[in-house]
Amino acid sequence: MATETFHQSLWSALTPAAEPMPPLVGDVSSDIVVVGAGFLGLSTALHMAEGGAKVVLLEADEPGFGASGRNTGFVVPSLKTAFGPADVRGLLGEAGDRLTALVGQSGNAVFDLIRRYAIDCSAEQTGWLQPAHTAALQRILEQRQRDWATLGRRVEILSREETAEKIGASGYHGALLDPTGGQINPLAYARGLARATMAQGVGIYAGSRVQQVTRADGKWMAVTDKGRVRADRMLLTTNALVDKLYPAVADAIIPVRVHQIASQHFGEADQASILHGRSPVADTRRHTFAVRWSPDGRLVTGGLVMPGPMPLERATRYFSKRLENIFPALGRIRAEHVWSGVIAATLDSMPRFMSLEPGLDAAIGCNGRGIALTTSLGRAIAGLYSGTLAVGEFPLPHKPPQPVPGKLVAQYGPAFWLPWSNLRDRLESGAGLAAS
């Protein structure tokens, strides 16, 4: 990364240091080698080990170093903003129904795992709130509630007045509240998953960037600068940080840099008046307004900024002003932590489970909804590999990667569309949220 901000994040400041994990030295063998210790790699390795497999997990830096340890910490049992069960079915057919089922239980999957392994990560299953910035989108959320109800899953619809009271801001037309969602300290969750994974016998090697992937004598081999892992199967879970390790995977996703800020600390009175139920909020705007309370009483928010010089400074000004506009009673916002990370996006906002070669797969592209989705998807991949989940029950197509058309242009598209997106959001929101 041109500007490395991992240690500048709020989560780095709040989270106890990780346990030392040695780099890989020499040759080792395993049933499966997983490359990348984010949520997806950790969840897959943990659930594979629970089933009795011998697993090695290689990480270029430390567990949670990428987007897993830098995001806002939302546990969101949902895909993209406007996607409900019917939309996913339309894209993926029967596999869409299986993906919908996986997403629907993904919030509980995270919090159940946290409780089972006693992971200390400031977990709050307070629900996830998606307010609608237009009347049309409120109707879409109401239809989504009906779709979920037919699948036996309960989500709630809040009125305009209930939404304003719960958020502490007027102008929204209502909201969808998913009680199974919530928020965590994402870096603490990643480090807790790493400890649980090692306790199950997985060898985690940090500071071990995989430089080459080869196949010899019927085995896959991951080569680092000081060692090699031979395994029957290999799974790449590097997400946006795949770099040049496997170009076909890199060509199939759009890397998008996202910036985050954490404000100054606010007292109990302010915390009671804004997001008083402590449900994290991610609304329906094109440039989503997402906000939550941190464990130490700070507002955490973020999103995209235009490419150019001094991105952290511009992110600080923009997102601080956005908070001031939506929550004017709080007064001036001071961003005391500012950081960034890169997510892997896809053109249809769907995750991918890629078949690269026999015995070599990659899972990637969670489009910024990673905590809940990756935790559940890792469990499903472990079930597929162990044979406890049939191929026909897996929630995603398993097929070769498809390159993103015009990727050189596409990777800058989200940021360059920002002025137009922000203008449309302001015009659609009306007076109540126009200044945001």
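This is a short tour of a predicted model, going from the whole chain to one pair of helices.

**Stop 1: the whole chain**

Start with everything selected and shown as a cartoon. You are looking at 15 helices and 19 strands. Turn the C-alpha trace along its principal axes, and it spans about 65 × 45 × 45 Å. A compact globule of 436 residues would have a radius of gyration near 22 Å, and the chain agrees with that, at 21 Å.

**Stop 2: inside and outside**

Now colour by accessibility. How much of the chain is buried? Buried residues account for 57% of the 436. Next, switch on the surface: about 17,300 Å² is exposed, with 55% of that area coming from carbon and sulfur atoms.

If your viewer draws contacts, look at those with a separation of 6 or more: 76% of them join residues 24 or more positions apart.

**Stop 3: helices H2 and H12**

Select residues 39-50, which are helix H2, and residues 370-386, which are helix H12. Two packed helices are described by the angle and the distance between their axes. Here the axes come within 7 Å and cross at roughly 35 degrees. The crossing of H2 past H12 is right-handed.

Show side chains next. Which residues make the contact?

- From H2: Phe39, Leu40, Ser43, Thr44, His47 and Met48.
- From H12: Ile371, Thr374, Thr375, Leu377, Gly378, Arg379, Ile381, Ala382 and Tyr385.

Finally, colour this contact between H2 and H12 by residue class: you will find eight nonpolar, six polar and one charged residues.

Notes: Residues are numbered from 1 along each chain as its sequence is written. This is a predicted model: local features need pLDDT of at least 70, side-chain atom pairs count only at pLDDT 80 or more; totals for chains, interfaces and linings use all residues. Side-chain values use heavy atoms; hydrogens and water are left out. Axes are lines fitted to C-alpha atoms, for helices over the stretch in contact, and angles run from 0 to 180 degrees between N-to-C directions. Helices (H or I, at least four residues) and strands (E, at least two) are DSSP runs, numbered from the N terminus. A crossing is left-handed if the near helix is turned anticlockwise from the far one by less than a right angle, and right-handed if clockwise. Contact means heavy atoms within 4.5 Å. Ala, Val, Leu, Ile, Met, Phe, Trp, Tyr, Cys and Pro count as nonpolar, Asp, Glu, Lys and Arg as charged, and the others, Gly among them, as polar. The radius of gyration is taken over C-alpha atoms; the globule rule is 2.2 Å times the number of residues to the power 0.38. Buried means under 20% relative accessible area, exposed over 50%, partly exposed in between (1.4 Å probe, protein chains only). Accessible areas come from the Shrake-Rupley method with a 1.4 Å probe; for residues, only the protein chains shown count as cover.
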